[in-house]
Structure formats: C-alpha cells, structure tokens
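User: I'm new to reading protein structures. Could you walk me through a feature or two, starting with the idea behind each one?

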Amino acid sequence: MNFSELGRMIETLGKDRGIDKRVVVRAIEQAFLVTARKKYGIQGEYETRYNDAEDEIEIYQYKNVVDAVKDPIIEITINEARNLDSEVEIGDQLGIRIENPNFTRVDVQTARQIIFQKVRDAEREILFSDFKHREGELVTGIARRYERGNVIVDLGKSDAILSRKEIIPGENFKTGDRIQAYLSEVVMTNRGPEIRLSRTSPMYLVKLFEVEVPEILDGNIEIKSAAREPGQRAKIAVYTSDREIDPVGACVGMKGSRVQNVVNELQGEKIDIVRWNADIETFARAALAPSEISNIQVDHSSYSMDVVVEEDQLSLAIGRRGQNVRLAAMLTGYKINIISKTKLQEKIKKAVISLMQIVSVSDARAQMMVQNGIMSIADLAAMDAEVLAGILSGNVADATQILKDTHDAIEQGTINLADDEEELVSASAVPAYKGLLDKHKEGEVDEKDKFSEAERRLREELAAFKLK
C-alpha cells in the first residue's frame, strides 16, 4: 500500500517544525496500527513497519499456530501456517503480512488525524524542552497584544504570558515595546507549553544584579536573600567570603552606577543593599536599617523576633505604611514585632507595681519575676512553687508562701486584677514569602511535575492512539 503523498506531507511538516523524521515515522506506524486494530479486531496482535525504500506501510498480523482454530483473529491451523512457513510448529506465533488491507476513506482519515496529533504532541514537547531548561533566566521579547489584561510577549519561537499581577504597578506596554522579564515557569497545558514571565518576582531583581555586577556572576559575591514591594522598594542581602571585596560597595558601583541601572529597569524602585550575616540578630539589625535597634529577642523555634527601638526610631523601623518592617521580615524569613522601648518600660513598671500588691513580694522579687516573663498576678498564680523558687534563687518554702499569699489575695479580693491591657507591639510583619532564595534543583525534570493536570487528562484521552 502506497501512501507517498501522505509521507511527503508529514516529512514537510517535520522539516518545517523541526521534528525528527524518526518521530514522524513512529507516528505513521502507530496511526496505522490503531487503524488495523479497529478494522481487523482489537483482540488481535498487529505490527506496522514503515518501509522507507518502498515508501509504504507494511502491516503484520500475528497468530498462534494451533491444531483446531477457535478464534480466527488470533489463531491459525498448522496446515494453513505451513503453507506460509514450512518450518512452523504448533505453539509457534506466525507473523502474516496483510497484503491488501482495503482501508476505507474513513480509515485513512482516522490515521491522518492520529498522525497530525502525534506531530502536534512532538512539536509541543520540543517547544517545552527548549524553554523548560531556561526557567530562572532573563528573557527579552516584543509585546504583541493584550489578552484579558495579560501581555502576550513574542520570544521568537513561542509566545509567553506576562500576567497583569506580574507587571510592575504603573507600567504600560504598547504593541512593539521591548520587554525584559524573568522566566518564572514553563508548564504544559492542553493548549501546549505555557511560558510565564514576571517583572515583580524577587528573582527578577536578583537576575538584574547578576547582569550588572560581574562579581555576582563569577561567584565572588552571593545574593543570599531578596525582598520586594514592586515599584516601590526592595532589599537584597549580599555576602562574600573574600575579605578584599566589599559586597555592598560592589553592588552599588562607582557613583551608584550599577544600582542605578537596576533602579531604572524597575521603574524607580528604591533598593536597599545590606550585608548578610549568619547570625540572625546581626542580620535583622542590618535588614531594619536605617533605624537603630535597642534590643532583639529571637525565638528560633517559631521563626519570630521582638525588636525593641527607641521612640524616635519607631517610625524609621516600621517605615512608610509598614514597608520597612515587611521587607525586613521577608528578607530574614522571620516574623518581626516592633516594640517601642518607652511602652515596654511602662509595661514593665506597671507589672512590677501590680506584683508588689502581694505582701510577700518585694520590689527586688517583682523585678526578677518580670525579667523572667511573669507580667501579672495571673501569671504568678499559675506558677509552680519549684519553678518560682528557681526564678527567685530562693527556697521552695518562700515560693510556696508567695503563691499562698497570691491565692488568698485573689479569693479575698484585696488586690486589683483588672490591668488595662495595652498593645505592646507597635507593628508586626509576617513574611509573605521566604526571604532566603530557593535554589533550583539541577537534573532532569520529574515526570509527574512536568505536565499540568489538564495535559495529563489530555494524554489519558489520547492513550487509545498509543502503542503498548
């Protein structure tokens, strides 16, 4: 059977779309295999081969050689088999070429559709692999049009999507504008590969610095963390093990030239460059610059810290609309509570006065309790005698007496329990994302993560067209 016209068409498609000829040949073989099974019985075993010399498809049907035939689709008698091969024996499997399959127009059309589907799948795979390994890179394209608020960017081989939320606030692109962006993700959908870009990602900021600062690109300086509020302000933390290099100065550049180039690309976004430190307290002080920090209490288990500042440093630490503390939280990866030193001192003073209502609690004892977190009568009443004795560096008998006096005073109602609770925290920020940058895993893409759910469903629907 000669399908030279179809063969030439598929070969042309393969060349135009950059698909390996072997992929096209396999598509032809699989297409006519499916067609043969539908025509001659799906329970049969078939094989298709593309004869390049003759430019035709050869179809073979395999049958088991038996003494008596029960199912003619899968069985053949020994006598009939020996007419084809004199050396065949019962129990052998014989491949019989179907010389004239008599495919109808519908059969050929079905095969054609399967071939085109296979070619489209191969084209999608090629496009996917071309861009998947470029995830995490800067790319440049041309704005072509808007779709539902998203900018469609022409990257040459394919279009990419710059969604509305990934555009820096205030940016407006016109058709034909050059757009530089961070290639954040490539996913396979039922319409093919979808290439997603971002201009708001912290990684876009990192990649811009890699371009501007050679010391980052060659590995002498490392960007440890980055945080952004796109179009307004950003912070990056830099580090180097080379004592001869000033990482902050290198990123700023001569007369600020390097950082200014990045600022211009980010539509005037202000950028703070801080020195990274493995000690989280030291790093947090740098991240909260330009404010001066009085004290920091870090809770590593809950990834949070209480930062105490003087009253005149409060607005600097918090920043305009809380921007500084939010960026610092993202940069460090810790929740940050900003506390005014004045408020804290007032709180401590009130707590000491409240605890001294107990007859057996002196000023010195009250101070020691407050220093260990006992800030109210209720806190004291809930204490264990042995724990309290340890806090006061005294004996258990004294601690037991203090607790007895506390419980008696509460029952008799001779003390004031109604403390006016003041909000001690002036500002609090929880990191919207991890400040520490996630490193991309090297190696092959996990097959289960390679395709989106929509593409997996599509592939299941096409399973009938594929060889086992």
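Analyst: Sure! Let's begin with exposure: a residue is called buried under 20% relative accessible area, exposed over 50%, and partly exposed in between. Keep in mind that this is a predicted model.

User: Is Lys-404 buried, partly exposed or exposed?

Analyst: Lys-404 has a relative accessible area of 48%, so it's partly exposed. Asp-408, at 25%, is partly exposed too.

User: How do the side chains of Lys-404 and Asp-408 meet?

Analyst: In a salt bridge, which needs a side-chain nitrogen of Lys or Arg within 4 Å of a carboxyl oxygen of Asp or Glu. For Lys-404 and Asp-408, the N to O distance is 3.0 Å. Both sit in helix α16, four residues apart, or about one turn of the helix.

User: Which parts does the salt bridge between Asp-398 and Arg-365 tie together?

Analyst: Asp-398 belongs to helix α16 and Arg-365 to helix α13, so this pair ties together parts 33 residues apart in sequence. Their N to O distance is 3.8 Å.

User: And how many salt bridges does the count come to?

Analyst: It comes to 24. Another one pairs Asp-159 with Arg-145, with the closest N and O atoms 3.8 Å apart. Here strand β7 holds Asp-159 and strand β5 holds Arg-145.

User: What about pockets? What is the volume of the largest pocket?

Analyst: About 770 Å³. It's lined by 27 residues, and among the closest to its centre are Ile-161 and Arg-191. Strand β9 gives the most to that lining, with seven residues. By class, the lining has 13 charged, seven polar and seven nonpolar residues.

Technical notes. Residues are numbered from 1 along each chain as its sequence is written. This is a predicted model: local features need pLDDT of at least 70, side-chain atom pairs count only at pLDDT 80 or more; totals for chains, interfaces and linings use all residues. Side-chain values use heavy atoms; hydrogens and water are left out. On a 1 Å grid over the protein atoms alone, a cavity is a set of points where a 1.4 Å probe fits but cannot get out, and a pocket is an open set with protein on both sides within 12 Å along at least five of seven lines; lining residues have an atom within 4 Å of a point. Grid points are joined across faces, edges and corners, and a volume is the space filled by probe spheres set on the points. Helices (H or I, at least four residues) and strands (E, at least two) are DSSP runs, numbered from the N terminus. Ala, Val, Leu, Ile, Met, Phe, Trp, Tyr, Cys and Pro count as nonpolar, Asp, Glu, Lys and Arg as charged, and the others, Gly among them, as polar. Buried means under 20% relative accessible area, exposed over 50%, partly exposed in between (1.4 Å probe, protein chains only).
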